[in-house]
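The following paragraphs lead through helix packing and aromatic pairing in the structure shown here.

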2 protein chains.
Amino acid sequence: MLMEKYKRLKDYFKRKNVIVSYSGGVDSLLVAKVSSDNAKYTLAITIDNGFFSENSINNAVKRAKKYNINHKVVKLNYMDYNYIISKINSDLKNRCYYCKKYMASELLKEKNKLKRKLNNDTDNNNNNIIIVDGTNYDDLFEDRPGIKAYNEYNIKSPLAELNFSKDDIINLSKYLNIDIPKKDTCLATRVLNPPITKEKIKMVERAEEFLVSFLDIEGYFRVRHFYDIAIIEINKEEIYKFKMDMDNLKIINEQFKEIGFKKCVLDINLK
Amino acid sequence: MLMEKYKRLKDYFKRKNVIVSYSGGVDSLLVAKVSSDNAKYTLAITIDNGFFSENSINNAVKRAKKYNINHKVVKLNYMDYNYIISKINSDLKNRCYYCKKYMASELLKEKNKLKRKLNNDTDNNNNNIIIVDGTNYDDLFEDRPGIKAYNEYNIKSPLAELNFSKDDIINLSKYLNIDIPKKDTCLATRVLNPPITKEKIKMVERAEEFLVSFLDIEGYFRVRHFYDIAIIEINKEEIYKFKMDMDNLKIINEQFKEIGFKKCVLDINLK
């Protein structure tokens, strides 16, 4: 069953020129790898839009290198473009939609550049290019406004089209000896009240990096930015790591103040 | 030394008609009691302005009764008077100043009423009335905008004038067999972002009552209202009572949701 899906995935890319919208996460890594091994030409593109941690971008680069994937990082920090960030801030509920829309139009620009390049390449007699992403079948059942935006730009989702569930993706990655990367998530979702700014994103990034390493946290963990307060969310299994030990709490508190938060609080609704 | 101060305090009230601005707390309770035992006439007035818990007002009534203090509760719920609450909300930094100002002008009205009453009382040949409060000498060194307002209305602070420190007050209360009441504090200070409303004050009041009894908390403890979030502040010695026990936390979380908070968080800066 899985092997059948795998075969269909390989066939999906055969004889095609493929741009992969690649974040470095488990889904798009698998897509980029299988495309890279089977398509005529593959270019994985990571758009560094300022909403992901530096670590996350660096990891995407490392993983592409490790699996010999042709890769490019495009810098498009939304917070440097007033028309983008003000659109997102004006309608925070739909930020994922706008975000993906700007990513999609950037991918289209890259597609046009690649087209010109392929036209000049006389060995390549098929200049059609498809853009694909890592959206899987399970994702379709969640309310993901980003999917809508990608659809509007005719970006394909092979994993979804071929009914790959999250489990299928994990299993196929294992079969192909691809590491299962830890999930990196969008830092913009950490900012609970508008506006989203570079400063706030940097604050949650620094706070999460500090606390993950200080308490050695492995599972679900988030620092949210709510007005000037840092709200820590953690999972049931690791709450004990806080120890509610005065020395620990004091260090955390001081570090968060140093980062710029006025107050640091713990969400007692454990995940 | 203390006995000397006590003597001066008794002398302060001798032959006077006294209105005591009486909250039921340790300071104003001592003032009301000593005045009651030594002045020509004493009336302790508690202004129920909606910023103190029902418990707090009930306790003030009980204590006055217990110590035979002539007492009256004046209802002036600020939140029922648009001109008051909007003034306070428009300048939250100075809310204590405005609050005390409205209390002071209410006390002046009561003074005029009392004056008319005393004028009709032929046995009373001295109709001068002073208004006093429980401000002590230590309070003067804190930035208390309320003191400024009371000064403007010529309200006297015998404990401050006679150099009573907080310790003196505790010691004299013990000497006079007066209970040392637990400190009741203003619920308006729990509301961190404007506006202060009846609903928000009721929410923190309910949340504090629930948690104090659920966890059996005795020391420093506050629930603050910050946007729709409840921020719990607790002291180092009693943080263990939270246990970080999933069942406990779930009950707390559900109770706070029921009270109307969207989220319940714990300030890790222990007091």
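In this predicted model, helix H1 of chain B, residues 2-13, and helix H2 of chain B, residues 26-38, have axes that come within 8 Å and cross at roughly 60°. H1(B) and H2(B) are therefore oblique to each other, since an angle counts as roughly perpendicular from 65 to 115 degrees and as roughly parallel under 35. Their crossing is right-handed. On the H1(B) side, the contact is made by B:Tyr6, B:Leu9, B:Lys10 and B:Phe13, and on the H2(B) side by B:Val31, B:Val34, B:Ser35 and B:Asn38. By character, the residues of this contact comprise five nonpolar, two polar and one charged.

A second helix pair lies in chain A. Helix H2 of chain A, residues 26-38, packs with helix H8 of chain A, residues 166-175, at an angle of about 55°, and the axes are 10 Å apart. H2(A) and H8(A) are therefore also described as oblique to each other. The crossing of H2(A) and H8(A) is left-handed. Here A:Val26, A:Asp27 and A:Leu30 of H2(A) meet A:Lys166, A:Ile169, A:Ile170, A:Leu172 and A:Ser173 of H8(A). The residues of this contact divide into five nonpolar, one polar and two charged.

The aromatic side chains may be considered next. A search of the whole structure yields 28 aromatic pairs over all chains. One of these pairs is formed by A:Tyr227 and B:Phe226, with 5.7 Å from centre to centre and 80° between the planes, an edge-to-face arrangement. This pair crosses between chains: A:Tyr227 belongs to the loop between strand S5 (221-226) and strand S6 (229-234) of chain A, whereas B:Phe226 belongs to strand S5 (residues 221-226) of chain B. Is each partner buried or exposed? A:Tyr227 counts as partly exposed because its relative accessibility is 27%, while B:Phe226 counts as buried because its value is 11%; the cut-off for buried is under 20%.

Another edge-to-face pair, formed by B:Tyr137 and B:Phe141, has a centre-to-centre distance of 5.2 Å and an angle of 75° between the planes. B:Tyr137 is partly exposed, with a relative accessible area of 31%. B:Phe141, in turn, is exposed, because its relative accessible area is 61% and exposed means over 50%.

Finally, chain A contributes an aromatic cluster. A:Phe51, A:Tyr78, A:Tyr81, A:Tyr83 and A:Tyr102 together form one such cluster.

Key: Residues numbered from 1 in each chain as written. Chains lettered and ligands numbered in written order. Predicted model: local features only at pLDDT ≥ 70, side-chain atom pairs only at ≥ 80, totals over all residues. Heavy atoms only, no water. Axes fitted to C-alpha atoms, helices over the stretch in contact; angles between N-to-C directions. Helix = DSSP H or I, 4+ residues; strand = E, 2+ residues; numbered from the N terminus. Parallel < 35°, antiparallel > 145°, perpendicular 65-115°, else oblique. Left-handed = near helix turned anticlockwise from the far one by under 90°. Contact = heavy atoms within 4.5 Å. Nonpolar A, V, L, I, M, F, W, Y, C, P; charged D, E, K, R; others polar. Phe/Tyr/Trp six-rings, centres within 6.5 Å; stacked < 30°, edge-to-face > 60°. Buried < 20%, exposed > 50% of the residue type's maximum accessible area, 1.4 Å probe, protein only.
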